[in-house]
Amino acid sequence: MTPMELNEKGFKALVDALGYADAIRFLKLYYHGQGDYTKERHQWLDKMSLDDIFADIKDRESK
């Protein structure tokens, strides 16, 4: 079995046992990501004012 086949069968087994939402919730428990979120967040967040943030929120809510 290839790694891709194992991944597909494993995910199917999780979905069959837990349903899609809980299978994804389960997988997220073990995915830690990569990089330094705090450092990367400052690269884009420090450039935004509170007015920019509120405008972005309102724009997303209207979609």
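A salt bridge here is a side-chain nitrogen of Lys or Arg within 4 Å of a carboxyl oxygen of Asp or Glu. Keep that cut-off in mind while looking at K12 and D16, whose closest N and O atoms are 2.8 Å apart, so the pair counts as a salt bridge. One caution before going on: what you have in front of you is a predicted model.

Let's stay with that pair for a moment. Both K12 and D16 sit in helix α1, 4 residues apart, or about one turn of the helix. D16 has a relative accessible area of 54%, which is over 50%, so D16 is classed as exposed. The general idea is simple enough: side chains of opposite charge can pair when their charged atoms come close.

By this rule, the count for the model comes to 4 salt bridges. Another of them links D22 with R25, with 2.7 Å between the closest N and O atoms. This time the helix is α2, and the partners are 3 residues apart, again about one turn. The two ends of the bridge fall into separate accessibility classes: D22 is partly exposed at 34% relative accessibility, while R25 is exposed at 57%.

Further along the chain, D56 and R60 bring their side chains together in a salt bridge, 2.9 Å from N to O. They belong to helix α4, which covers residues 50-62, and because they are 4 residues apart there, about one helical turn separates them. With a relative accessible area of 30%, D56 is partly exposed; R60, at 60%, is exposed.

Now step back to the whole chain. It has 4 helices and 0 strands, so the radius of gyration is worth a look next: at 19 Å it is well over the 11 Å that the globule rule gives for 63 residues, and the chain is therefore more spread out than a compact globule. Along its principal axes, the C-alpha trace spans about 50 × 30 × 20 Å. As for burial, 3% of the 63 residues count as buried. The chain exposes about 6,100 Å², and carbon and sulfur atoms supply 58% of that area.

What about charge overall? There are 10 positive and 12 negative charges in the chain, and their mean positions are 2 Å apart.

The surface also has a nonpolar side to its story. L18, F26, L27, L29 and Y30 make a nonpolar surface patch of about 500 Å². Helix α2, residues 20-30, gives the largest share of this patch, with 4 residues. L18 is found in helix α1, which runs over residues 3-18. Its relative accessibility is 38%, so L18 counts as partly exposed; patch members need over 30%, so L18 clears that cut-off.

One more pair is worth finding on the model. A13 is in helix α1, and with a relative accessible area of 45% it is partly exposed. Measure it against A23 from C-alpha to C-alpha: the two are 10 residues apart in sequence and 9.1 Å apart in space.

Methods
Residues are numbered from 1 along each chain as its sequence is written. This is a predicted model: local features need pLDDT of at least 70, side-chain atom pairs count only at pLDDT 80 or more; totals for chains, interfaces and linings use all residues. Side-chain values use heavy atoms; hydrogens and water are left out. Patches are made of residues with over 30% relative accessible area and no salt bridge: like charges are joined within 9 Å, nonpolar side chains (Val, Leu, Ile, Met, Phe, Trp, Tyr) within 5 Å. Accessible areas come from the Shrake-Rupley method with a 1.4 Å probe; for residues, only the protein chains shown count as cover. Helices (H or I, at least four residues) and strands (E, at least two) are DSSP runs, numbered from the N terminus. Buried means under 20% relative accessible area, exposed over 50%, partly exposed in between (1.4 Å probe, protein chains only). The radius of gyration is taken over C-alpha atoms; the globule rule is 2.2 Å times the number of residues to the power 0.38. Lys and Arg count as positive and Asp and Glu as negative; His and the chain ends are not counted. The place of a charge is taken as NZ of Lys, CZ of Arg, CG of Asp or CD of Glu.
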